[in-house]
Amino acid sequence: MPFQYYFSRKQLHATPFSAKMGMILPRRMPSRLLVTGGCGFIGSNFIHHILNSFCDIEFDSCDDDHVLYSNNYQEMEIDLLNMDKLTYAADPDNLKIVSDYSGYFFEQCDISDYARVIEIFENFKPECVIHFAAESHVDRSIESGYEFMVSNVLGTHVLLEASRKVGVSLFIHISTDEVYGSTDHDSFSENSHLNPSSPYSSSKASSDLVALSHHNTYGTPVIVTRCTNNFGPRQHPEKLVPKVIQLASQDCKIPVYGSGMQVRDWLYVKDHCQAILDIILKGEVGQIYNIAGRNEINNLEMIDSILRRIGKSSELIEHTNDRQGHDFRYSVDDGKLRSLGWEPRISFEDGLDYTIADTINRLGLGKK
Ligand SMILES: NC(=O)c1ccc[n+]([C@@H]2O[C@H](COP(=O)([O-])OP(=O)(O)OC[C@H]3O[C@@H](n4cnc5c(N)ncnc54)[C@H](O)[C@@H]3O)[C@@H](O)[C@H]2O)c1
């Protein structure tokens, strides 16, 4: 039977919890979505995931794995506006196939441009904003943090102002586990204090606080998500996984910061997208949700897994000076999210196989 929504349009931002029945009832799926940063890695996967879950769209081979997500949601019309500045990190090809869908709209726009953002919001009148857009590369933030503060902090504030002006029903602010900083032993809960190390993570922590302050002051229906490291199709080749695939495929040396023993928790990107969708349908407004893969490995183990799969030797690994302020281990407790019924569906092994195949294909690495 198709998945049903129990809440009416007016109740979209109500807490989806039935005390009487002692269970969580999903909200109605909003039909006017505004996604920021949709031409980037996670944003583009999210747009594919939404249109694939709710609309009858044919996908390219890059989305074969959607069979793993036979969500059985009731089919519905969705208008989705993607607002992206198209920085170096964006790849419009990520959404090539989606652009044929009549409910898909694109605006090239810097989220820190107040007048333009307001104009777009007033014209489109989104019900729900899913805010991915950010400068996202830690190394670049260490070289120069200015763009990170403008896009990540000011940009988030501008979007919240626009959301308040048009009265959006839900604002999902996509953040990161990096805001908590490093931990040797335990896992951080949503109540742990923020202790970011890099200009990137401090800009994200700042934007989380801006978003939550809009909820506290104006009642804007904000939910903050903090996810661990993602891997999957369409990631920019400057990031660890695609970078290792690219260098190894070309028999080039693979630089590894310091000992390479830094621990990260990896989640396949489609599982992150499904977690966001579950939070749209069942998350409580004003709350923060950690999202974890529960798959902690160190960087050397991740690199070895890739090298093994593409038949290359670990002799390609070359240790370099450690990154400044490099966090040793990220770890979050996502029990609160799992109580909504979410859990990852794609194993690390399957996800990595799929990511390698996609990256080799997309970057043309198989060609001699
Ligand atoms: N990649 C991860 O492992 C990870 C993990 C947890 C959280 N996150 C968060 O998820 C979000 C998306 O990450 P990603 O890896 O897809 O990033 P990405 O760098 O691949 O994509 C970012 C997108 O945002 C756009 N953008 C940047 N600045 C903009 C601006 N001022 N105005 C409009 N658009 C702008 C870029 O053009 C790009 O399309 C970020 O907020 C990031 O902090 C990422």
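## Exercises on a predicted model

R294 is partly exposed, with 17 other C-beta atoms within 10 Å. The structure worked through below is a predicted model, and each exercise takes up one part of it.

**Exercise 1.** Explain why R294 counts as partly exposed, and say where in the chain R294 lies and what its phi value is.

Solution. Begin with the location: R294 belongs to the loop between β12 and β13. Next, take the backbone, where phi of R294 is near 55 degrees, a positive value in a residue other than glycine. For the last step, recall that a residue is buried with 20 or more other C-beta atoms within 10 Å and exposed with 12 or fewer. Because R294 has 17 such atoms around it, R294 falls in between and is partly exposed.

**Exercise 2.** Carry out a similar analysis for L86, stating its loop, its phi and its degree of exposure.

Solution. L86 is found in the loop between β4 and β5. Its phi is positive, at about 60 degrees, although L86 is not a glycine. With 14 other C-beta atoms within 10 Å, L86 is partly exposed.

**Exercise 3.** Describe the sheet that contains β4 and β5, giving its strand order, its edges and its twist.

Solution. The first step is the order: 7 strands form an open sheet that runs β5-β4-β3-β6-β7-β8-β12, and the pairing is parallel. The second step is to find the edges, which are β5 (104-108) and β12, each of them pairing on one side only. The third step is the twist, which averages 20 degrees from one strand to the next. As a detail of the pairing, strand β4 (residues 79-84) is joined to β5 in the parallel sense over 5 bridges, and L80 stands opposite Y104 in β5.

**Exercise 4.** Work out how the sheet of 3 strands is arranged, and explain why β9 and β13 each have a side without a neighbour in the sheet.

Solution. This open sheet has the order β9-β11-β13, with mixed pairing. β9 (229-231) and β13 (296-298) stand at the edges with a single partner strand each, so one side of each is left without a neighbour in the sheet. Neighbouring strands here are turned by 50 degrees against each other on average, direction ignored.

The mixed pairing can then be followed from strand to strand. β9 and β11 pair in the parallel sense over 3 bridges, with F231 standing opposite Y268 in β11. On the β13 side, strand β11 (residues 263-268) runs antiparallel to β13 and is joined to it by 3 bridges. Here D265 stands opposite E296 in β13, while V263 has N298 as its bridge partner. Finally, 5 of the 6 residues of β11 are buried, so this strand is largely enclosed by the rest of the structure.

**Exercise 5.** Describe how α1 is placed against α7 and against the strands that α1 lies across.

Solution. Start with the geometry of the two helices: α1 (residues 41-54) packs with α7 (residues 269-282) at an angle of about 65 degrees, and their axes are 9 Å apart. The crossing of α1 past α7 is right-handed. Turn next to the residues, where F41, I42 and N45 are among those that α1 brings to the contact, and V269, K270 and H272 are among those of α7. The residues of this contact divide into 8 nonpolar, 5 polar and 1 charged. As for the strands, α1 lies across β3 (32-36), β4 and β6 (128-131), and runs at about 160 degrees to β3.

**Exercise 6.** Which residues come nearest to the ligand, and which element gives the largest share of the shell around it?

Solution. The shell holds 30 residues, of which G37, G40, K85, A90 and A134 come nearest to the ligand. The elements that give two or more residues are α1, α4 (146-166), β7 (170-176) and β9. The largest share comes from α1, with 3 residues. Sorted by class, the shell has 12 nonpolar, 13 polar and 5 charged residues.

**Exercise 7.** Place these parts within the chain as a whole.

Solution. The secondary structure of the protein chain comes to 10 helices and 14 strands. Of its 368 residues, 46% are buried. Among contacts between residues at least 6 apart in sequence, 80% join residues at least 24 apart.

Methods: Residues are numbered from 1 along each chain as its sequence is written. This is a predicted model: local features need pLDDT of at least 70, side-chain atom pairs count only at pLDDT 80 or more; totals for chains, interfaces and linings use all residues. Axes are lines fitted to C-alpha atoms, for helices over the stretch in contact, and angles run from 0 to 180 degrees between N-to-C directions. Helices (H or I, at least four residues) and strands (E, at least two) are DSSP runs, numbered from the N terminus. A crossing is left-handed if the near helix is turned anticlockwise from the far one by less than a right angle, and right-handed if clockwise. Two residues are in contact if their C-beta atoms, placed from the backbone, lie within 7 Å. Ala, Val, Leu, Ile, Met, Phe, Trp, Tyr, Cys and Pro count as nonpolar, Asp, Glu, Lys and Arg as charged, and the others, Gly among them, as polar. Two strands pair if DSSP finds at least two bridges between them. A residue is near a molecule or strand if its C-beta atom, placed from the backbone, lies within 6 Å of it.
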